[in-house]
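Trainee: Got a minute to go through this one with me? I'd like to start with the aromatic residues and then move to the core.

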Amino acid sequence: IMEETKELEIDLRKIFKMLKKKVVYIIAISLIGAALVGCFTNFVVTPKYTAYVQLYVNSENSNNLISSNGTISPSVIDASQKLINTYIVVIKSRTYLAKVADELGQDSITANRLRSIVSCNPIDETLAFQINVTSTNPNLAAEIANTIADTCPEEIVRVPKVGGVEVIDYAQVPTVPSSPNVKRNVMIGLLVSFALSFAFFLIQELFNTNITSEQDLTHEFTIPVLGTIPRLLPVESKENPETAAAGTGTNK
């Protein structure tokens, strides 16, 4: 156990020593990585915008299931959430999206393209759900979302033949991109660059077999050290050798 503890202490000492020597490089690499990711996100990745509409679900007999204090009973919420899941299937169907594409009247808009940019999600613990449309064109995203809001109530009543929906909010043209998230990407770039640079220098240090101290020697060979020889630097002559030789010839 003592040997394992000693080895752990030496390894931690080597890691700390490595960090102390390479901290400037690690920080520099991390900042460069974050800057590169930020530039790539800003100048290469095409921003996308999300417009959304919110709709309220009318389930059968919902008015009779509201409690006396005005709150909605759990049975109503459960029934409505089941209807929401059904309505989402209808909205994402190829038949309905083809009608939306015809309503928009644009050749580039097809049912398959709409399926790739339209998403729906229930709003938790409510009788409402939200339809999101994501596109590189903010005006087109809002137009598609509002077209769905205008046409889906009739389609929803026709297919399930139960309940219905009402529009809570129509879509507005988004002004701020929903993706990419520049701050998040920069942070990810910073963390990844830090981790990679740290791992590189750590592996380099762990595989470094050079003996730099007495502790390294005892750790590698587990033998006692009888003595150490200091490194002796050569003493440079203050007198120029050529001058000295010339002087000696003159004396002769």
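**Aromatics and core**

Mentor: Sure, and keep in mind that this is a predicted model. Let's begin with Phe 201, which counts as buried because its relative accessibility is 9%, under the 20% cut-off.

Trainee: What about Phe 194 and Phe 198, how do their rings sit?

Mentor: They're stacked, because the ring centres of Phe 194 and Phe 198 are 6.2 Å apart with the planes at 15°, and under 30 degrees counts as stacked.

Trainee: How far apart are Phe 194 and Phe 198 in helix 6?

Mentor: Four residues, so about one helical turn separates Phe 194 from Phe 198. In general, an α-helix has 3.6 residues a turn, so residues three or four places apart point the same way.

Trainee: And are those two buried or exposed?

Mentor: In between. Phe 194 is partly exposed at 43% relative accessible area, and Phe 198 is also partly exposed, at 23%.

Trainee: OK, how many aromatic pairs are there?

Mentor: Three. One of them is Tyr 25 with Phe 201, a tilted pair at 6.4 Å centre to centre and 45° between the planes. That pair links distant parts of the chain, with Tyr 25 in helix 1 (residues 2-43) and Phe 201 in helix 6, 176 residues apart.

Trainee: Which residues do ring pairs link into a cluster?

Mentor: Tyr 25, Phe 200 and Phe 201.

Trainee: Back to helix 6 itself. What's its span?

Mentor: Helix 6 covers residues 182-206, 25 residues in total, and runs 36 Å from first C-alpha to last, close to the 36 Å expected.

Trainee: What caps its N-terminal end?

Mentor: Asn 181 does, with a side-chain oxygen 3.3 Å from the backbone nitrogen of Lys 183.

Trainee: And which helix 6 residues are buried?

Mentor: Besides Phe 201, the buried ones include Asn 185, Gly 189, Ser 193, Ser 197, Leu 202 and Glu 205.

Trainee: Switching topic: how many residues are in the largest nonpolar core?

Mentor: There are 34, and Ile 91, Phe 129, Ile 131 and Ile 148 have the most contacts inside it. Elements giving two or more residues to this core include strand 1 (49-58), helix 2 (74-91), strand 3 (128-135) and helix 5 (138-158).

Trainee: Which element gives the largest share?

Mentor: Helix 5, with nine residues.

Trainee: Last one: what does Ile 91 touch?

Mentor: Leaving out residues up to four places away in sequence, Ile 91 touches Tyr 96, Leu 97, Cys 120, Phe 129, Ile 131, Ile 148, Cys 152 and Ile 156. Among them are Phe 129, Ile 131 and Ile 148, which share that list of residues with the most core contacts.

Terms used. Residues numbered from 1 in each chain as written. Predicted model: local features only at pLDDT ≥ 70, side-chain atom pairs only at ≥ 80, totals over all residues. Heavy atoms only, no water. Core = buried A, V, L, I, M, F, W, Y, C linked by side-chain atoms within 4.5 Å. Buried < 20%, exposed > 50% of the residue type's maximum accessible area, 1.4 Å probe, protein only. Contact = heavy atoms within 4.5 Å. Expected span 1.5 Å × (residues − 1). Polar contact = N/O pair within 3.5 Å; in protein donor to acceptor, adjacent residues only side chain to side chain. Phe/Tyr/Trp six-rings, centres within 6.5 Å; stacked < 30°, edge-to-face > 60°.
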